[in-house]
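Let's go through some structural labels and ask what earns each of them. Every answer sets a value beside its cut-off.

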Amino acid sequence: MSIVAGCDVGSLTAKAVIMEKGRIISSALLRSKTNPQLSAEAVMQEALSKAGLSMDDIRYCIGTGYGRKNISFVDKDISEIACHGRGARWLNPGARTIIDIGGQDCKAVRLDKDGNVVKFVANDKCASGTGRFLEVMARLLDIPIEEMGSLSSKSTAPITLSSTCTVWAQADIVKYINSGHKIEDIGAGVNSAMAKRAAILANSVGIEQDVCMTGGVAKNEGVVQDLEKLLGKNIKKMRKADPQIAGAIGAAIFAMESLNGRS
Amino acid sequence: MMEIFQEAASGITNRYITDWVNSGKKIVGYTCSFMPPEIFHAAGILPYRIRGINTESMEIGDTYYGPYVCTFPKCLLQLAGEGKFNFLSGAVISTGCDAMRRLDECWRKTGEDYHGSIPGFFHYFDVPHKTDPHAMKWFENEIRKLILNVEKYYNVKIKEDSLRESISLYNHGRTLLWEVEKLRAHENPGVSGTDAFSIAVSGTVMPREAFNEQLEQLLADLPKQKSSSKKSGKQNKNGNKRIMVAGSINDDIELFRLIENAGSNVVADNICFGIRSEADQVNMEDDPISALTKHYLSNSVCPRMFGAYKQRFDLLQTKIERAGVEGIILQNIRFCDLHGSENGLFERDFEKLGIPCLRLEREYGPLTETGRMKMRIEAFLERMEVKQTDSGGKS
């Protein structure tokens, strides 16, 4: 058996993917725990038990994400930039520009036609334009994060946030809530603000088709649609697997290549 | 041996500063590499490049500067307001860039509000942005004006002979630094980038005699290496990538350590605290003031100089060739217009030549973003591992 795994320990969630012969046989996604090792162990254990496997069955494992240096069971670690690029490529073989919005960062990566990273940019030390921004706003609107995306299509008069700073935007939103604005209009404004931040990064790496989104925010259709309008490009839907686990998929593919002696 | 340089490069003061102050001698701080320290040396004063290292908070810096300003002058002002530069009897502020020029006004104002935070000798040294004859004349006048003011304030005479001796001493230091530069550029780098940078930084805060002496000793102690005739296409035996670091002001050796610990050797740099043009000697044949004028103004190594992009691009290319650089990290402090825009041009032009570039925007001061910076540096080194098939993209 040539079973490989990828483990992506992000700031908000930990993801694990187990692959065999280029196919995902199991995956798991958990809220990150207090330290990367605990998160990695828990998420990997869940993925393994779903597949009825044990860690001994994994021939090669690659770690990625901000906590990758602290995972004891990986054979190697690779940056999330390269892993998201590779994961997106597996989800969509035509992917050339990847916009990855994770819990605490937002990245844009441009790939060459062979899937190698050509250029990347990441947001700076600021929660604006990240999954955390969405979470804070969803909590303020008292709706589940999963429902944030659908607010855009229900909105008839989206609000405009005067600042994408998480703290100032909260103050803005409280003002809109107090003045009786509809939740969907406020939510649509939040999604639009997210899209604007991501568009800045995407434009700065230079956009090549196909454009894809990975990370948890890729599941927010409001952000995706606004981003499509801003970039003037269609963002390819990736249905093969959850785009939030793209980093772990990329790590598993690198693991497979390492096992096959290709890298 | 290296500890002396590392110590001097890691803090505001060092053992030499303490000894100098205890012996009752004067120290004058300066803020820009366009200011000739030879002038102060010739006056028996220790020239000290003012640094913002070890800044822990920014309440003073942020009070006098606006929010959209580079953090380097803010850190200097913060430390000045906290009294950390009280060992200075004088300071020379230059128009390195607009934010640095404003340090003159901001420090004066801080001096009014924080008693004792401004040194007795406080001089504004203007540096033109061009090298045409009028600008050269202007700069020469600035040097003469500085000499007159130093002579008047400190009651000293800066004689031509002493100036010549100081130039000779500084030139010797440049020769030694160039030896370090050759060692780090070797196929099997004899000095790490972090150590080479520590040495260069300490050269700006140590008495030159002691610096030269320590560096001579260090060079004598380092294992001899056969010089490599191979100019480019060098590859490290340890598999580390050969990196050049360029861009905004940096005097934090931890930045170099971070880059090297990620799996690279910083074999060259082009930063104003580093070894930029130490091979260029101040002409000893010329009249000293004229020689200093030409040396300090005509080397347009900083993007503050107008119309000299080509010269700076060529300088980087020379360094790339000499040290076998495989990738460039173009770092700049947030809101640094000069390096921010020039880094964009360098990235465009070096990527066209097939040299991978990473642009890194950061804050000056403690490396609070190390995790994120490390991730970008590692991703960049990974990117260098594979050869791209095209560059694509519209920007």
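The questions and answers below take up both chains, label by label.

Q: How do you know which residues and chains are meant, and what kind of model is this?
A: Residues count from 1 along each chain as its sequence is written, while chains are lettered from A and ligands numbered from 1 in the order in which they are written. This is a predicted model, where local features need pLDDT of at least 70, side-chain atom pairs count only at pLDDT 80 or more, and totals for chains, interfaces and linings use all residues.

Q: Why is α9(B) called roughly antiparallel to α11(B)?
A: Helices here are DSSP runs of H or I with at least four residues, strands are runs of E with at least two, and both are numbered from the N terminus. Axes are lines fitted to C-alpha atoms, for helices over the stretch in contact, and angles run from 0 to 180 degrees between N-to-C directions. Angles under 35 degrees count as roughly parallel, over 145 as roughly antiparallel, 65 to 115 as roughly perpendicular and the rest as oblique. Helix α9 (residues 193–202) and helix α11 (residues 253–261) of chain B pack at about 170 degrees, with axes 8 Å apart. That angle makes α9(B) roughly antiparallel to α11(B).

Q: Which residues of α9(B) and α11(B) meet?
A: Contact asks for C-beta atoms, placed from the backbone, within 7 Å. On the α9(B) side these are Gly193(B), Thr194(B), Phe197(B), Ser198(B) and Val201(B), and they meet Ile253(B), Phe256(B), Arg257(B) and Glu260(B) in α11(B). The contact divides into four nonpolar, three polar and two charged residues. For these classes, Ala, Val, Leu, Ile, Met, Phe, Trp, Tyr, Cys and Pro are nonpolar, Asp, Glu, Lys and Arg are charged, and the others, Gly among them, are polar.

Q: What makes α2(A) parallel or perpendicular to α8(A)?
A: The axes of helix α2 (residues 80–91) and helix α8 (residues 246–259) of chain A come within 6 Å and cross at roughly 90 degrees. With that crossing, α2(A) is roughly perpendicular to α8(A). The residues of this contact comprise ten nonpolar, five polar and two charged.

Q: Why is strand β3 of chain B described as enclosed or open?
A: A residue is buried if 20 or more other C-beta atoms lie within 10 Å of its own, exposed if 12 or fewer, and partly exposed in between, with C-beta atoms placed from the backbone. Five of the five residues of β3 (residues 90–94) of chain B are buried, so this strand is largely enclosed by the rest of the structure. Gly90(B), Val92(B) and Ser94(B) point one way, while Ala91(B) and Ile93(B) point the other way.

Q: How do you know which strands β3(B) pairs with?
A: Pairing requires at least two DSSP bridges between two strands. Strand β1 (residues 27–30) of chain B joins β3(B) over three bridges in the parallel sense, and strand β4 (residues 121–125) of chain B pairs with β3(B) over five, also parallel. Ala91(B) is the bridge partner of Gly29(B) and stands opposite Phe122(B) in β4(B).

Q: Is Val156(B) buried, exposed or partly exposed, and what makes it so?
A: Val156(B) has 16 C-beta neighbours inside 10 Å, so it counts as partly exposed. Its place is the loop between α7 and α8 of chain B.

Q: What makes the phi of Lys21(A) worth a remark?
A: Most residues other than glycine have a negative phi, and most peptide bonds are trans. Phi of Lys21(A) is near 50 degrees, a positive value in a residue other than glycine. Lys21(A) sits in the turn of the hairpin of β2(A) and β3(A), which has two residues between the strands. Eight bridges join these antiparallel strands. Lys21(A) is exposed, with 10 other C-beta atoms within 10 Å.

Q: How do you know which class Asn54(B) falls into?
A: The count for Asn54(B) is 15 C-beta neighbours inside 10 Å, so Asn54(B) is partly exposed. Asn54(B) also has a positive phi, about 70 degrees, although it is not a glycine.

Q: What makes the bond between Gln209(A) and Asp210(A) cis or trans?
A: Omega is about 0 degrees, and the peptide bond that joins Gln209(A) and Asp210(A) is cis. Asp210(A) lies in the loop between α6 (183–205) and β9 (211–214) of chain A.

Notes:
Contact = placed C-beta atoms within 7 Å.
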